[in-house]
Amino acid sequence: MIVATLTLFLASLLLASSSVSRGVLLTMLPFASALAVASLGQTLVVMQGGIDLSIAGGLSLYVVIVTKYPAGENARLLPAIGIALVAAIAAGALNGFLIGRMRLNPIVATLGTNALLFGAVLWYTAGIPTTTTARLAKVGGGLWLGVPIPVYVAVAVTAVVAAVVKLTPAGRRFEGVGANETAALTAGIRVKRHRTGAYVWAQVLYCLAAILHAGIVNQPTAYEGNDYLLPSVAAVVLGGTSLLGGRGNLVATAVAALFLSQLDQFVLALGVTYATRQLVQAAALAVGVALYTIDWRALTRRLPGRRLTNVAPT
């Protein structure tokens with residue numbers, strides 16, 4: 001992903017230099033940071049062999065909570081963030097119960113949760129957008145040493161999540177459950193607890209991404225989470241995490257989020273339509289799935305030319 005991202009920036013510089021101008025980068029990087037944080041949550045779920053389609057409804061709900069509840073008052077921002085976190089934990093626990101305890105299909109369960117979350121969004125906002133508080137806008141749109149503040153948040157969150165998953169005993173047990181449930185049960189690991197925890201922590205990360213997004217967008221709508229569904233899954237796949245579960249590369253997922261964000265800017269600078277941009281994102285997801293799920297070595301052995309070369313001489 002690092003090589004692909006560097007290649008993309010080089011291509012952007014040569015073919016669409018406007019997509020790497022300072023102004024465009026300062027606009028793109030905060031959104032890439034929010035996507036990276038949300039994609040980390042999706043990665044935790046995918047590492048358990050699941051998928052979380054409730055990211056759209058969850059992220060939309062948390063955005064409207066941290067914007068509508070304060071009603072423009074900075075003093076009410078922290079309580080709003082607390083309410084959003086409680087809602088995130090509840091949504092994650094619901095997903096975890098349905099999938100980890102009730103053994104429902106992750107797609108069906110998270111789609112149902114997503115519908116409930118969007119219902120809560122429409123009930124709470126009536127579809128009317130609310131302006132972000134000045135304090136949150138300062139965090140989402142501020143710079144420190146010339147770099148957007150959300151970038152520092154995304155780097156810190158990526159480092160913490162990667163360290164917990166890769167360097168702690170709990171993280172290794174978490175990876176073990178996703179890699180082989182039977183072996184984990186034999187080893188005495190509480191599989192259901194780890195599965196449920198994946199969905200809870202995923203929603204917490206979606207909530208953090210929503211807070212960043214609410215600070216970036218001055219007047220977010222009730223459907224902001226829709227823009228994170230496909231890119232978050234694409235970032236996970238391009239980062240090398242198997243959709244079948246097991247070990248995942250969290251740092252590569254964050255880099256893939258940057259890749260997808262810059263790819264969107266590159267395609268936009270070429271003057272293509274919005275539909276084409278969506279097709280490019282879908283193509284990136286398809287390429288990622290093909291790279292990491294198809295056994296290319298076995299496929300090449302089945303080619304007619306390779307079969308002839310492997311025939312022993314008589």
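This is a conversation about how certain terms apply to a predicted model.

Guide: In this predicted model, local features need pLDDT of at least 70 and side-chain atom pairs count only at pLDDT 80 or more, while totals for chains, interfaces and linings use all residues. Residues are numbered from 1 along each chain as its sequence is written, and side-chain values use heavy atoms, with hydrogens and water left out.

Visitor: Why is the pair of Trp144 and Tyr152 called edge-to-face?

Guide: Rings of Phe, Tyr and Trp (its six-membered ring) pair if their centres lie within 6.5 Å, and planes under 30 degrees apart count as stacked, over 60 as edge-to-face and the rest as tilted. A search of the whole structure finds 3 aromatic pairs; in the one formed by Trp144 and Tyr152 the centres are 5.1 Å apart and the planes stand at 65°, so this pair is edge-to-face.

Visitor: What makes Trp144 count as exposed?

Guide: Exposed means over 50% relative accessible area, buried under 20% and partly exposed in between (1.4 Å probe, protein chains only). Trp144 has 51% relative accessibility and therefore counts as exposed, whereas Tyr152, because its relative accessible area is 31%, is partly exposed.

Visitor: How do you know that the buried residues of α8 are on the same side?

Guide: Helices are DSSP runs (H or I, at least four residues), numbered from the N terminus. In α8 (residues 169-179), Gly171, Phe174, Glu175, Val177 and Gly178 are buried. Because the directions from the helix axis to their C-beta atoms cover an arc of only 155°, these residues lie on the same side of α8. On the other side, Pro169, Arg172 and Ala179 are exposed.

Methods. Helix = DSSP H or I, 4+ residues; strand = E, 2+ residues; numbered from the N terminus.
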